[in-house]
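Reader: I should like to go through this model step by step, beginning with the chain as a whole and ending with individual residues. Please give the reasoning with each answer.

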Amino acid sequence: MTKPFIIRKVKSLIPYFLLALAVIVAYQIISQVSGIADGVRWIWGIVSPFFYGFLIAYILNIPASGIQWLLGKTRVKLIVRFKRPLSILLVFLLLILFVALLLNLLIPALIDGINLFISNFDTHYANAMGVIHNINNMDLFGLHIDVDGIAQDVLGGIQAWLQNFTLDNLAAPINAVIGASGAVFGGLFRFFLAMVSSIYILAGKDKIKGFFSRALRAFTPVKVNDGIIKYVWSLSRNFKRYIYVQTIDGLILGTLATIALWIMGSPYALILGLMLGIVNYIPYFGSIFGTAVAVIVVAFTQGLTSGVIALIGLLVIQQFDANFIQPKLMGGSFSLNPLLIIISITVGGALAGILGMLVAIPIISVLKDMMDNVIAYYERKRSLVPQGAADADAAEEVDE
């Protein structure tokens, strides 16, 4: 056998070798999935405070940059010289003030709502039974709520637990309390670490940005570097615009909902309005969830008729918001197909929970732009190929 023949044979076997190698690697990865997942969770537990610190710094940098620009316009040299640290200090003071005002507004309303609910429990219970009775009478899709059966099951479970109660039964609740306490303290520590790291990230923003820019230019080709910068800037712009739009829209929606529920006489109008404004950050699902909770609360505390009126009123407010307020605020910034938005929110929630839902829209908007650019590039490339050359290539492929 000649040497060229052996070389051709060896080259022909390379794809099969690579396929076998890929199968072996895939099998090893699949067999170690649990270990890999544990490793990923362990790594995430270490880096998550710094990730959230970066996210906090990114959000707070929006008002901090505005304050820094205003401080730079002053004629006081000392302020101009220290405008960056002063802007960071002011934005954290404003954040603390905002949280204090929110808690001062929310906690008394929440306490009053709980006290009101306890003092009017008999009335609320009667209203709830009336709602359930009306639902059973409507016989919607064969739905029937067996209150007596549910109550018997609950009481039977409590009775069985009391009959079989031993000191060993206290071990599980005690361990649960200890575990919850550890989780709370761990969460507080991670939150403190995230806030501290966000301060350092804000203070060294320019140096961090410069370092990554240098590294990107050093290790990537010019076109790749330009593409990464373009899409990272686009993602940042979309995310900032999304935060701005959803914050303003949430304030308007929450205010309108609070006024509407207050006019209806709901004692929980403020709490429900705040909830509707907050969950508005999650498109579609947030408003559906908030409306459902508000309607259930109104129905079970004020009766089924009031719940239906609340449902109609909140739907009218949401339609007004979706057709007039949001288009004015967004201005076509996120002109995405509703199905694409729902899919992106679902996938984002499955991958990263609430955070994934919040960032799904800006990310999918950038990915859509990238796909549009890729498609446009190949469309232009195909249009530049002469028809004769394309036909010749096709004939060669058929001959082969």
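Reader: What percentage of the 400 residues of the protein chain count as buried?

Author: The model is a predicted one. A residue is called buried when its relative accessible area is under 20%. Of the 400 residues in the protein chain, the share that meets this criterion is 24%.

Reader: How much area does the protein chain expose, and what percentage of it do carbon and sulfur atoms supply?

Author: The exposed area of the protein chain comes to about 27,900 Å². The part of that area supplied by carbon and sulfur atoms is 73%.

Reader: How many helices and how many strands does the protein chain have?

Author: Read from the N terminus, the elements of the protein chain run α-α-α-α-α-α-α-α-α-α-α-α-α-α. The count for the protein chain is accordingly zero strands and 14 helices.

Reader: Among contacts between residues at least 6 apart in sequence, what percentage join residues at least 24 apart?

Author: The contacts considered here are those in the protein chain whose partners lie at least 6 apart in sequence. Within that set, the share joining residues at least 24 apart is 67%.

Reader: Are the axes of α10 and α11 roughly parallel or roughly antiparallel?

Author: The axes of α10 and α11 come within 8 Å and cross at roughly 165 degrees. Angles over 145 degrees fall in the last of the angular classes named in the question, so α10 and α11 are roughly antiparallel.

Reader: Is the crossing of α10 and α11 left-handed or right-handed, and which residues of α10 meet α11?

Author: The crossing of α10 and α11 is right-handed. On the α11 side, the residues met include Phe 289, Val 293 and Val 297. The α10 residues that meet α11 are Leu 272, Met 275, Leu 276 and Val 279.

Reader: How are α4 and α10 oriented to each other, and which residues of α10 make the contact?

Author: The axes of helix α4 (residues 83-119) and helix α10 (residues 269-279) come within 9 Å and cross at roughly 130 degrees, which makes α4 oblique to α10. In this left-handed crossing, α4 contributes Leu 105, Leu 106, Ala 109 and Leu 110 to the contact. The α10 residues are Leu 270, Ile 271 and Leu 274.

Reader: How are α5 and α11 oriented to each other?

Author: Helix α5 (residues 121-138) and helix α11 (residues 285-302) have axes that come within 6 Å. Residues of α5 including His 124 and Val 131 meet residues of α11, among them Ala 299 and Phe 300. The axes cross at roughly 110 degrees, and the two helices are therefore roughly perpendicular.

Reader: Which residue forms a salt bridge with Asp 372?

Author: The structure holds one salt bridge, and its closest N and O atoms are 3.2 Å apart. The partners lie four residues apart in helix α13 (residues 338-384), so about one helical turn separates them. At 36% relative accessibility Asp 372 is partly exposed, and its partner, at 32%, is also partly exposed. That partner is Lys 368.

Reader: Is Asp 321 buried or exposed?

Author: Asp 321 is placed in helix α12 (residues 304-330). Leaving aside residues up to four places away in sequence, Asp 321 touches Asp 249, Leu 253, Gln 326 and Pro 327. Because its relative accessibility is 4%, Asp 321 counts as buried.

Terms used: Residues numbered from 1 in each chain as written. Predicted model: local features only at pLDDT ≥ 70, side-chain atom pairs only at ≥ 80, totals over all residues. Heavy atoms only, no water. Salt bridge = Lys/Arg side-chain N within 4 Å of Asp/Glu carboxyl O. Buried < 20%, exposed > 50% of the residue type's maximum accessible area, 1.4 Å probe, protein only. Contact = heavy atoms within 4.5 Å. Areas by Shrake-Rupley, 256 points an atom, 1.4 Å probe, with all protein chains shown as cover. Axes fitted to C-alpha atoms, helices over the stretch in contact; angles between N-to-C directions. Parallel < 35°, antiparallel > 145°, perpendicular 65-115°, else oblique. Left-handed = near helix turned anticlockwise from the far one by under 90°.
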